[in-house]
Amino acid sequence: MTAAAAIVADPDWREALDALIHRLRLFPRADGGADLAILFASSAYAAEFPSLVAAVRDAVGARLLVGCSGQGVIGPGEEIEGDPALALLVLALPGATLRASHLTQDELERLGGALVWHRFTGVAPDALRGWLIWADPYTLDADHLLASLSAAYPGIPLVGGLASGNPLRQTTHVFLDDRVFDRGAVLLAVGGPYRMKTVVSQGAAPIGRPWTITGAQGNLVETIGQRPAYDVLIETLRGLPPRLQARARGNLLVGLAIDERREELRRGDFLIRNLIGVIPETGALAVGAIPRVGQTLQFQVRDPAAAAEDLNDLLDRTKADLGQLRPLAALLCSCNGRGIGMFGRPHHDVKAVEDHLGPIPLAGVFCNGEIGPVGTQPYVHGFTASLALLVPDG
C-alpha cells in the first residue's frame, strides 16, 4: 500500500515530466508499476495532451490513469496557478477494485435506472467505497450526472470537479488511460479495503436573514417574500455595516438551503451559486441555479476569512474523526475563484490540509465547479474546496 505525489512547473511538459519522475523515484515499481495514476495538467499544454498523457502513463507504468486539465494544478505544499505545470499522484493499492469509464452527455441521457448504470460501469453497489469524477463543464450536465449516479449507488461518496482551462476557449479535457477527451466525464469507481472520507468547505458567509422564494421561473428568482427579489437584495445590502457593504461589492452570491428542515441555517448549510444579474423590468434576479418556490434563500458574500475559518474547522473535525487512522493519499479540487485571487497569498488550501493532517501524498486541480457531498447528497459547488481522503480500512 503506497502513494507518492509531486508537482512541477515548466513551459516544456517533457522537462516537467522528467522532474516529476525524478521526485517520484522512491515509488516502488518492483511489481511492474502503479495500480493508479491521477494526473492534472495545465491547459497550457493542451495542444500536446495526447503525447503528454501517454508518456505519463508509460513513465509510471500505470495500469489505470485518470485526470483532467486545469487553469492551475495542486501538489504537495504548492498551488501553481496560471503557469504551465503538472501534478501527479501514483498509488499501489493491493486488493483495490478500480473501474474507470468515459461518459458522454448522449450516454448519460440513456442511463435511466440503477441496473442500466450497473451494466454501464460494470460495478455493483456492494463493491464500491467511492466515486472520483472529473467532467467537462461545457458538454456535460454535471447536476444530472450526480443525481442519476447517486440514485444508482445510494450512500456512496461522489467527489471530484469540473475541469478548467482557458475560459476564452471554453474547452477543457479529461483523461482516461492513453486517451484525451474534450467532452464528457471520466468516472473512477474505487472499492476494496479502502474508504473515502470527504471534506467540503465553502468560501462564502451568509448576510442578512433567510427568505422564502415566492416566485421563480427557470433560473430567475422573481419574488422573495412576495416582493420583487431585487428590492429584497437592496434592503439586505443597506442593512449591512459599511465595511461589509464595501466587501459585498462584486462578491455577492446566492445561497439556497440544502436542508429545509433545519431550524437554524448557518455557514455550510447552503448550496452557493452565482448571482448573474438583474432583470430591470421585473426586479427578478438571475442566478446560477434552478430555484423553486418555497425554497429558502439567503444572500452570501464571498469572504476569505470565512472560507479559511470553515476549512480549518472542518479539517480539525476530520482529524478527530480519523483518530489513529492515517490517510494514504488525498485529492483536492479547489475552485478557480479561490487561490491567490481570494486569499491574497498562494498555497492556501493545500497548506491548510498539510497543517492539519500532515504531509499526505496529495494532488489536485483548480476547477470550474467542485463535486462533493453535503450530508449524503452530492452537489456541484462553487467557491469551494472539495477534499477526498483515501483511508485504508483499519
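This report covers the largest nonpolar core and the strand pairing of E23 and E16 in a predicted model.

**Nonpolar core**

The largest nonpolar core holds 38 residues. Those that touch the most other members are Leu36, Ile38, Phe40, Leu91, Leu132 and Trp134. Strand E6, spanning residues 85–92, supplies the largest share of this core, with 4 residues. In soluble globular proteins, nonpolar side chains tend to be buried together.

Ile38 illustrates the contacts involved. Leaving aside residues up to four places away in sequence, Ile38 touches Val66, Ala87, Leu88, Leu89, Leu91, Leu132, Trp134 and Leu331. Among these partners, Leu91, Leu132 and Trp134 also appear in the list of core residues that touch the most other members.

**Strand E23**

Strand E23 covers residues 362–367, and 6 of its 6 residues are buried. Leu362, Gly364 and Phe366 point one way from the strand, while Ala363, Val365 and Cys367 point the other way. In a regular strand the side chains alternate between the two faces of the sheet. Residues on both sides of E23 are buried, each with under 20% relative accessible area.

E23 pairs with two strands described here, E4 and E22. With E4 (residues 72–75) the sense is antiparallel, and Val73 has Val365 as its bridge partner. With E22 (residues 329–335) the sense is parallel, and Ser334 stands opposite Phe366. Val365 and Phe366, which take part in these pairings, point opposite ways from E23.

**Strand E16 and its neighbours**

Strand E16 (residues 220–224) is joined to E15 (residues 211–217), to E20 (residues 284–287) and to E17 (residues 227–228). Each of these pairings is antiparallel. Gly215 of E15 has Thr223 of E16 as its bridge partner. Val221 is matched with Leu285 in E20, and Ile224 with Arg227 in E17.

Two of the pairings are hairpins. Between E15 and E16 there are 2 residues, and Gly218 takes a positive phi near 60 degrees. The hairpin of E16 and E17 also has 2 residues between its strands, and there Gly225 has a positive phi near 55 degrees.

The pairings are listed below.

| Strands | Sense | Bridges |
|---|---|---|
| E4 and E23 | antiparallel | 2 bridges |
| E22 and E23 | parallel | 6 bridges |
| E15 and E16 | antiparallel | 4 bridges |
| E16 and E20 | antiparallel | 2 bridges |
| E16 and E17 | antiparallel | 2 bridges |

Conventions. Residues are numbered from 1 along each chain as its sequence is written. This is a predicted model: local features need pLDDT of at least 70, side-chain atom pairs count only at pLDDT 80 or more; totals for chains, interfaces and linings use all residues. Side-chain values use heavy atoms; hydrogens and water are left out. A nonpolar core is a set of buried Ala, Val, Leu, Ile, Met, Phe, Trp, Tyr and Cys residues joined through side-chain atoms within 4.5 Å. Buried means under 20% relative accessible area, exposed over 50%, partly exposed in between (1.4 Å probe, protein chains only). Contact means heavy atoms within 4.5 Å. Two strands pair if DSSP finds at least two bridges between them.
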